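Here are a few exercises to try with the structure open beside you. Work through each task, then compare your steps with the solution below it.

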Amino acid sequence: MRLKQLIKTLDIKSVLEPKVENLSILGIADNSVDVFKGYLFVAIEGFTADGHNYIPQAIENGACAIIGEKSMDSLPIPYIQVSNSRKALGIIANSFYKNPSSKKVMVGITGTNGKTTTSQMLKHIMESNGHSCSLIGTIHNEINGQVLKSNNTTPGTLALHKLLSESKDEVVIMEVSSHGLSQYRVEGIKFDFCLFTNLEHEHLDYHKTMEDYFQAKLLLFDYLKDSGQAIVNRDNEWGEKLIGILNERGKNVYSIGYSDKNTLQIIDLIIEKSIIKFTEKKNTNCLSSPIMGVHNMYNTVMSYSVAKLLGIEYKNIINSLRGFQGVKGRFQIIKLRNGVNVVVDYAHTAEAISNCITTAKKYGANKVTQIFGFRGNRDKSKREGMIFVAKELSDQFVLTLDDLNSVPEDEMIESLNIINSHCGNDQGIVIPDRTSAIKWAIENSAHNDWIIITGKGHENYNQKFHLPTKSDEETVLYIEDNLYQ
Ligand SMILES: CC(=O)N[C@H]1[C@@H](OP(=O)(O)OP(=O)(O)OC[C@H]2O[C@@H](n3ccc(=O)[nH]c3=O)[C@H](O)[C@@H]2O)O[C@H](CO)[C@@H](O)[C@@H]1O[C@H](C)C(=O)N[C@@H](C)C(=O)N[C@H](CCC(=O)O)C(=O)O
Ligand SMILES: Nc1ncnc2c1ncn2[C@@H]1O[C@H](COP(=O)(O)OP(=O)(O)OP(=O)(O)O)[C@@H](O)[C@H]1O
């Protein structure tokens, strides 16, 4: 593709060496290591490195033109200075891959919690009703039925456009993280549906304030087609705020929630039966959530709403929801032989932990033991809220290790002890070894007790623990097998 064609809609500040007219571009790279002969290299000033410093390497590897933000005195090849390299990368990638998202029904889901669950549930509904779907998200990506490893919830711009160009599926359902939005990873894409699940205290190590975090989420709706539909959970204060902004901007908003202002009004959530009673266009109907928990009932309503707007009939949605097997590590229940229910869940916010414990209680739990820890080098400001919820709602809680992310183990154990005494009134039990914590909880539970293990969900452990297991699920099954031999 000709360079002049790729750059024609960019916000260009200056062009060094104007003979760019007929340059033919064979590929695009934002990492100098990925540059080959005839490539366009886009230099990005990142969080740990500055791509502009790698321009010489890119040229050595065969780059025939460079795009960057910084001013340059002289280069042996054309240099185009733009105001925002990340944004430019999205626009160029979209042209280079021939606007792949325009050939699909694009669904983008944002929010602190519920993106993965909602996207997988919606994919299941659509596929059960004969529509092929690509999925791009935290656990894995799936394109043309092929499961691919996922490195980010929202892939980098180039990887994302490449995936879209390879997809032959009708619908693409993708999770859009706030990091992805603030780094323009979805630039160039136009969405048919943009969903907002909720906003909770999370990622404030990156976004600093809740308002900044909200503003990042809001960016998704800039990528909504004029004819597109925003689907927003109004029962979250930030959802209510978002609806106000979207209405002012003249967007099509489909809201869900308890009040009668909503397009889909929730009449009742019967948590102990996972039944949702709702009214839509004056018709009252019921949905059964295939996964327990009030939060998963909202995820079900979200998935239902998109499927309905895409023309799937109510009774077909109901039927397909019945066959949904749930999502690994999302309120995944393991029933032990002694009548104890163990839940493995990815909750990593106070709100999510609260939902898990409340659900167990609604389902008649006798005693609830909550096991969790904190990730090293991640937002510390949410820890207090998580302890508070565990202390208030569970019958006992155990603090244990989660991913250390280079924080020394002793330091993390000390943090657990300090927070337990400062915010937990020393009511928590600190058992640093995660597998030992789970074993202790199982040995100290009886029929109709629930144990909720949060934080790791589907993920494998990042460090070694006492038992020879790789994940919370494996640990529970290992203990179950060895306890009753
Ligand atoms: C902090 C952060 O978000 N970083 C993201 C960002 O990296 P960056 O651009 O700042 O990279 P950098 O290492 O500083 O390098 C700057 C530039 O120099 C280039 N370079 C570097 C070295 C070299 O030899 N040559 C070269 O050209 C790099 O290719 C890059 O273009 O842009 C990259 C491309 O899009 C992302 O892959 C990367 O995500 C990192 C891996 C990451 O882990 N991010 C997490 C925080 C994240 O995004 N998480 C969210 C989910 C959050 C959640 O809900 O839990 C996600 O969407 O995954
Ligand atoms: N709608 C919801 N409201 C509140 N909490 C939820 C909701 N859906 C899921 N959760 C909680 O959040 C956890 C993560 O769920 P899920 O993976 O679906 O969200 P996510 O937005 O994809 O999060 P992440 O990006 O961290 O994977 C669940 O294990 C559950 O505890």
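**Exercise 1: a pair of strands**

Task: In this predicted model, find how strand 12 and strand 13 run and how many bridges join them.

Solution: Start by locating strand 12 at residues 224-233 and strand 13 at residues 252-257. The two strands run parallel, and five bridges join them. For a landmark within the pair, look at Val232, which stands opposite Ser255 in strand 13. As background, strands of a sheet pair through backbone hydrogen bonds, either parallel or antiparallel.

**Exercise 2: the whole sheet**

Task: Work out the order of the eleven strands in the open sheet, and say which strands stand at the edges.

Solution: Step across the sheet from one side, and the order reads 9-8-7-10-6-11-12-13-14-15-16, with mixed pairing. Now look at the two ends: strand 9 (146-149) and strand 16 (283-288) each have a single partner strand, so one side of each has no neighbour in the sheet. On the way across, the twist from one strand to the next averages 20°.

**Exercise 3: a helix across the sheet**

Task: Identify the strands that helix 4 lies across.

Solution: Begin with helix 4 itself, at residues 115-128. It lies across strand 6 (105-110), strand 7 (133-136), strand 10 (171-175) and strand 11 (191-196). Against strand 10, helix 4 runs at about 170°.

**Exercise 4: helix 12 and helix 13**

Task: Describe how helix 12 passes helix 13, and sort the residues of their contact by class.

Solution: First take the geometry: the axes of helix 12 (residues 350-362) and helix 13 (residues 383-393) come within 8 Å and cross at roughly 15°. Because that angle is under 35 degrees, helix 12 counts as roughly parallel to helix 13. The crossing is right-handed. Next come the residues: Ala350, Ile353, Ser354, Ile357 and Thr358 in helix 12 meet Gly385, Met386, Phe388, Val389, Ala390 and Leu393 in helix 13. Sorted by class, this contact has eight nonpolar, three polar and no charged residues.

**Exercise 5: helix 15 and helix 16**

Task: Repeat the analysis for helix 15 and helix 16.

Solution: The axes of helix 15 (residues 434-443) and helix 16 (residues 472-483) come within 10 Å, crossing at roughly 50°. That angle makes helix 15 oblique to helix 16. Helix 15 passes helix 16 in a right-handed crossing. On the helix 15 side are Thr435, Ile438, Lys439 and Ile442, which meet Asp472, Thr475, Val476, Ile479 and Leu483 in helix 16. By class, the contact has five nonpolar, two polar and two charged residues.

Key. Residues numbered from 1 in each chain as written. Chains lettered and ligands numbered in written order. Predicted model: local features only at pLDDT ≥ 70, side-chain atom pairs only at ≥ 80, totals over all residues. Axes fitted to C-alpha atoms, helices over the stretch in contact; angles between N-to-C directions. Helix = DSSP H or I, 4+ residues; strand = E, 2+ residues; numbered from the N terminus. Parallel < 35°, antiparallel > 145°, perpendicular 65-115°, else oblique. Left-handed = near helix turned anticlockwise from the far one by under 90°. Contact = placed C-beta atoms within 7 Å. Nonpolar A, V, L, I, M, F, W, Y, C, P; charged D, E, K, R; others polar. Pairing = 2+ DSSP bridges.
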